[in-house]
Amino acid sequence: MGLTLRDLMLVSPELALVVLALAIVLLDLVLERKRFVLAVGVAGLGVPLAAALGLWAVVADGGAEMAFHGALIVDTFALYFKLLIVGILGLLLLASADHIERFRPHQAEFVALVLLSAAGLMLLAGAADLIAVFVSLELASLPVVALVAFGKNDRSIEAGIKYLVLSGVSAAVLLYGFAFLYGATGTVRLVALDPALPTIATMLPAVADGRPFGSTAVLVGVVLATAGFGFKLSMVPFQMWTPDVYEGAPTPVAAFLATASKAAAFAIVLRLFYTALGGASAEWSIMFAVLAAVTMSVGNVVAIAQSNVKRLLGYSAIAQAGYMLIGVAAVAGGGGDPLGVQSVLFYLGGYAAMNLAAFFAVIAITNVTGDDRIEALAGMGRRSPLLALILAFALISLIGIPPTVGFMGKLFLFNAAVSADLAWLAVFGVVNSVVSAYYYMGIVRTMYMREPPELDGPGEPGRIGAPVAAWLAMGVATAGVAVLGVWPAWLLDVAGSAAGALVP
Amino acid sequence: MLTAIIVVPLAGAALVLALGRTAALARAIALSVVLVELALTGALFAAYDPAGGYSFIERADWIPALGVQYLLGVDGLSVPMVLLNGILGVAAVLSSWTVKERVREFFLWLLVLQAAVMGVFVSMDLILFFVFWELELLPMFLLISMWGTGRREYSAMKFLVFTFLGSAFMFAAILVLYFSLPDGERTFDMMALAGNGLAGAIAPAALVFGGFLIAFAVKLPIFPLHTWLPDAHTDAPTAVSVMLAGVLLKMGGYGLLRINAGLFPGELVSAAPLLAVLAVVNVLYGAVVVMRQTDLKRMVAYSSVSHMGFVVLGLASVGATTGQLSGVGLNGAALQLFTHGIITGLLFVVVGLIYERAHTRHIPDMGGMAKQMPVIAVAFLLAGFGALGLPGTAGFPAEIMVFLGGFTAYAWAAALSAFGIVLAAGYMLWAAQRTMFGPRIERWDGLRDATAVDMGAIGVLLVPMLVIGVYPRLLTDVFDAGLAPILRGFGG
């Protein structure tokens, strides 16, 4: 069996992204006006978007399909993430138009690397065996190393090296874990449409010897794989890199890491544990419950002490990962209830909107001030009322106060936790939200209640504006936060059908 | 009708934002909005038929996957609360007439605050109730921290963290309640839950009850969760103090009656002795601390703590072990919520007027002010009479009912709390004497008396205070109707 047209059709969203990335690099050679390159990039995203939507229509009716001899699966679950990632890319490119100008003359390479990494993330969401997981993870990570170092200042390069080393170590740990899983079960297959084919899930009972997760080898494999994924998820104790890299990397890259990269990591973690290891859900549920509790507590408590807004968003990303892990842990009734997965999917969507809105506002502000300390936000309520309002609204959503998507997302996550008899974890989550209110509101307070810093020379500190494209991106993200906060049912339904592919 | 009551202040806020280019315009818009709102709430009060039970119900699916509904409704318990919020909204806008900074934003947030509180009082779905409960946090935080005085940022943050922590417990309690209900009976509908008595039958009823209790205890506030209140009151602008004492604390009392008493009668009876103790502590501790205050506003704030103890006492009266439970204690608690809202609102208005003129709230600095501002002095005295429960003011019927109920259940608690009345008489009259009477002090000679706007703010609160003092049945009949189903849960 060779490569068929059907295989190509099934990966058309990823393929379109790769083609787009190459086209941009080529266009860059012939086009004088670099702005145009970016416009092509944004417009070109329509192709993968249309492809993913088309595939959704196909698999929603006809059931999941597999490509490349079972290496990739195309189901509503994977497509949910592909759509999410394309959406994130579109907003991100719009919002970073000005920021990217700094990388002259390498703007096109920057955009192409983002697109290539995104293609890897999309493949990851649809990976159906361990090898595909590893390959797509590497495809996603390597461009990010270059992107993190794109700022070409000391901090940025340091962050790039840090990301390179830690991502390499985590990949090695992950691969080591996969080796154990393969050694124990004799297969790398996570899912198979043909019930006759062996998968990890069907092989596990045969090798079980009564230990946690079946056998010692599987246990070691799971622990190592969790550690490897923990890096991508910014899960404690593998979160160390997050604040450093967020601070050093160009802000759009940090936003990309916080939203798209994290979403895909959750996709594969959910896929691995709910399908391949679904039989051991009692064991890993408690493991993720504890990790969730530790992750959100560490993220929130350490965030309080931060004075740099990008670092703070890094710790906030850790804490938010903790909230989402609640949904991963909330596997009720032996995995028969999609509530936990559904709530994670919904939260990832809402989180993308609110976190991007926050990052975009920070990008717009720091583009002008060039200062990413929190105190530099003082007086922003007067210097740019609209940017301050957008940032404040996004932060309120990150706390989880209604009427925002952050509140709805937490409602669904905690709801799933309580329904899975993890009420203590829900209590942990709400108390953590209280802690987070302190530092998020601290930024709001700085923006509205502190006087703007003295500038050199007389006169008021200037007003801060943003390019039209950035306003558009912020408008869409903020509208998403508000609309989903008041009318969450539709995205919840979509997340429900996506979760249904994983938890029938 | 109920949607309109929530939407009018919100739309008004949008209007202020869009059109309030000048301070005068923003004020005028805000005033017209709260007047419309008062008319609406008055109409609701007039149209409500106490025999009708839950009325004006509006029901629509909101998040079908979770069974969350957009469910509004009122009964005899909530209708007076809605009216109270309508009245205080007018008082708040009138008492902010002299706000000078960022006038447009100020009225914007004030109206959002009013809308959120309205939502709390008319929501009949637990999740919707919680959404409105949380919605009030943000306007309060901004109002205190941007237009407050003194350590305003500290106080605003303290308010936020305390309230948010309390609501965290409520949030968990709501979810646990939902999932502990038997399959097929799961609902967030408070009316259904109050009717079928299933909530009290769930396994972790005590835990869920405790979660709600903590949230409402922070808000009411009940000792030892009260410490945010004096700070918030002291540093808040006048209008926000009025809203805070007038309706925000009442959200806590309303929650205790509606949810803790309405859904968990068995647990409330078990907790009654504890509540009786807390009530006594609240009343006496609050009163004693009032005595020590030299800041006029802080004094009124602590008197709130003391007076909210009476609400707790009324609630504890359901623990009566002897005789027939008459419900007079619960009714007194509900009435106390309303009357305290009016009276303390008035006190804060007057204190605000004094501060605005004298630029001090330090009691020892004042004296003889009645000579310069007789109208304000009279208002202060009348509000003080109300606060100490003088017959003829609204404070009297509420407190007498609480004591009647309290004596049948916990005579010792009622007896000790009654001492709080004596103390209240002491500190209120003493404060009036030290500020308003005594020899004329020349330093205060230039002080203006109340303007027409100030008199409006005073009048809108003074009239109901006296009307209810003379004819309390206006409210008690309505409260009776609202509390009757709750009382049935206690076998009363």
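Me: Two strands pair if DSSP finds at least two bridges between them, and strands here are DSSP E runs of at least two residues, with helices H or I runs of at least four, numbered from the N terminus. How many bridges join β1 of chain B to β2(B)?

Reply: Happy to help! This is a predicted model, where local features need pLDDT of at least 70, side-chain atom pairs count only at pLDDT 80 or more, and totals for chains, interfaces and linings use all residues. Residues are numbered from 1 along each chain as its sequence is written, while chains are lettered from A and ligands numbered from 1 in the order in which they are written. β1(B) covers residues 55-63 and runs antiparallel to β2(B); the bridges joining them number six.

Me: Which residue in the turn of that hairpin has a positive phi?

Reply: β1(B) and β2(B) form a hairpin, and four residues lie between them. The phi in question is about 70°, and the residue is B:G67.

Me: Which residue of β2(B) is the bridge partner of B:A60?

Reply: β2(B) spans residues 68-74, and six of its seven residues are buried (20 or more other C-beta atoms, placed from the backbone, within 10 Å of their own). The strand is therefore largely enclosed by the rest of the structure. Within β2(B), the partner of B:A60 is B:Y70.

Me: Over in chain A, how many residues of α16(A) are buried?

Reply: Helix α16(A) takes in residues 339-369. Just after α16(A), A:G370 has a positive phi of about 65°. The helix is mostly covered: of its 31 residues, the number buried is 27.

Terms used. Expected span 1.5 Å × (residues − 1). Buried ≥ 20, exposed ≤ 12 C-beta atoms within 10 Å, placed from the backbone.
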